[in-house]
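Thank you all for coming; I would like to walk through one structure this morning. Please keep the sequence and the view in front of you while I talk.

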Amino acid sequence: MWRRQVGALLLRHRSTPSSTLRHHLPLPVPDQSPPLASNLLLRLFTSQSGEGGDGATKPFIAFVLGGPGSGKGTQCVRIASDFGFAHLSAGDLLRSEISTGSEKGELILNIIKEGKIVPSEITVELIRKAMESSDAKRVLIDGFPRCEENRIAFERITGTEPDLVIFFDCPEDEMVKRLLGRNQGRVDDNIETIKKRLKVFESLNIPVVDYYTSRGKVHKINATGTEEEIFGAVHKLFSSLRF
C-alpha cells in the first residue's frame, strides 16, 4: 500500500526545495543543503507516517496548476462545491501546521525564517495526511507540484500519479493586470516582484505541465475572460469526466 511506504522512503531521501506558503513565503528556488530543522522535521514525520488501515481506495486526484493571477484558486472553490472534491492547498496546509504551535509547526516556521524552502517530503506528507483524514473520493491539489522535484517527491512517496492535471493557461499581461488590481494588501503584488514570480513560474512549473502533457493527463483551460466564462469551460470538462 502507498501509505505504508512513506516511512522508509522519507528515511532514504533527503530534502530538496518544495512548495511554499502562498502569500508571504519565498518562491521555490533550489537550495543545496537542508538546515538542521529540516532533518529533525523529517524524523518527526517519519515517526508518525505510514499509519492508517489497509485496503483504502485511492481517491481521484486532480492537480490544479496555473501562474499567479491565473484564477486557479477561485475556480478550485467552485469545482469543489459543484463536483464534491476536497480542496487542498500546500500553502494552506503548511500555514495550518504552523498555526497549531506544534513542534513540527515551529520547525517549519524556523526553516522559513532562515530563508529556506520546506522540503518536498514534508509538504507531500502533509498532503498525504490531509487526503487520508478527509476520506474524500475526489481531491483537488491546488498549486502543487510547483516544480519537477515536487512532482517526483509526490509520486515517490504516495506511489501514485494524478488522474488529471488542470492547467489554467493565462497570458502574462493578464496575470500582471489581475495581480496589480487585487488590492489585497500583499507586499509582493508590485510590478517588479510580479515579474519575478512569473519568471519563476515559467522556469519551474511549466516543465511539470510539459511532463504531464506527455503522459496525456493535462487539460488546458483558457483562463482569460470573466470568472463565469472560465468556469463554464471548467464545468464542461468536469461534467464529461467519469470519477
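Let me begin with the salt bridges, of which there are 13 by the rule applied here, and let me say at once that this is a predicted model. One of them runs between glutamate 227 and arginine 78, whose closest N and O atoms are 3.2 Å apart. This pair ties together distant parts of the chain, since glutamate 227 belongs to helix H11 (residues 227-239) and arginine 78 to helix H3, with the two positions 149 residues apart. Is glutamate 227 buried, or is it partly exposed? Its relative accessible area is 40%, and therefore glutamate 227 is classed as partly exposed, because that class begins where the buried one, under 20%, ends and stops at 50%.

A second example is of a local kind: the side chains of arginine 128 and glutamate 125 meet in a salt bridge with an N to O distance of 2.5 Å. Both residues sit in helix H6 (residues 120-134), three residues apart, which is about one turn of the helix. Arginine 128 is buried, and glutamate 125 is buried as well.

The third example again reaches across the chain, with lysine 217 and glutamate 161 meeting through their side chains at 3.7 Å, N to O. Lysine 217 is in the loop between helix H10 (206-214) and E5, while glutamate 161 is in the loop between helix H7 (148-158) and strand E4 (164-169), so that this pair links distant parts of the chain, 56 residues apart. Lysine 217 has a relative accessibility of 17% and counts as buried, and glutamate 161, at 19%, counts as buried too. Before leaving this topic, I would add that salt bridges with shared partners join Arg78, Glu227 and Glu228 into one network.

Now to the sheet. In what order do the strands of the open sheet follow one another? There are five strands in the order E2-E3-E1-E4-E5, and their pairing is parallel. The edges are formed by strand E2 (86-89) and strand E5 (218-222), each of which pairs on one side only. On average, neighbouring strands of this sheet are turned by 25° against each other, with direction ignored.

If we look at one edge in detail, E2 runs parallel to strand E3 (residues 138-142), and four bridges join them. Within that pairing, histidine 87 has leucine 140 in E3 as its bridge partner. Helix H4 (residues 90-99) packs on the sheet here, touching E2 and E3, and the direction of H4 makes about 75° with that of E2.

That brings me to the annotated positions, which I take from the record and not from the coordinates. An unreviewed UniProt entry gives the annotation "binding site" to Gly69, Ser70, Gly71, Lys72, Gly73, Thr74, Arg182 and Gly225. Of these I will pick out two glycines. Glycine 71 lies in the loop between strand E1 (60-66) and helix H3 (72-83), and it counts as partly exposed at 28% relative accessibility. Glycine 73 is found in helix H3, and it is partly exposed, with a relative accessible area of 28%. Which residues does glycine 73 contact, once its neighbours within four places in sequence are left aside? Glycine 73 is then in contact with His87 and Asp142.

The unreviewed entry in UniProt also lists further positions under "binding site", including Arg95, Lys116, Gly143, Arg146 and Arg197. Lysine 116 lies in the loop between helix H5 (103-113) and H6, where it counts as partly exposed at 24% relative accessibility. Arginine 146, by contrast, is in the loop between E3 and H7 and counts as buried, with a relative accessibility of 19%.

Finally, a word on the cysteines. How many disulfides are counted? The count comes to zero disulfides, where the cut-off requires two cysteine sulfur atoms within 2.5 Å. Cysteine 76 is buried, because its relative accessibility is 0%, and cysteine 147 is buried as well, with a relative accessible area of 7%.

Notes
Residues numbered from 1 in each chain as written. Predicted model: local features only at pLDDT ≥ 70, side-chain atom pairs only at ≥ 80, totals over all residues. Heavy atoms only, no water. Buried < 20%, exposed > 50% of the residue type's maximum accessible area, 1.4 Å probe, protein only. Pairing = 2+ DSSP bridges. Axes fitted to C-alpha atoms, helices over the stretch in contact; angles between N-to-C directions. Contact = heavy atoms within 4.5 Å. UniProt positions renumbered as here; feature names shortened; annotations may be inferred. Salt bridge = Lys/Arg side-chain N within 4 Å of Asp/Glu carboxyl O.
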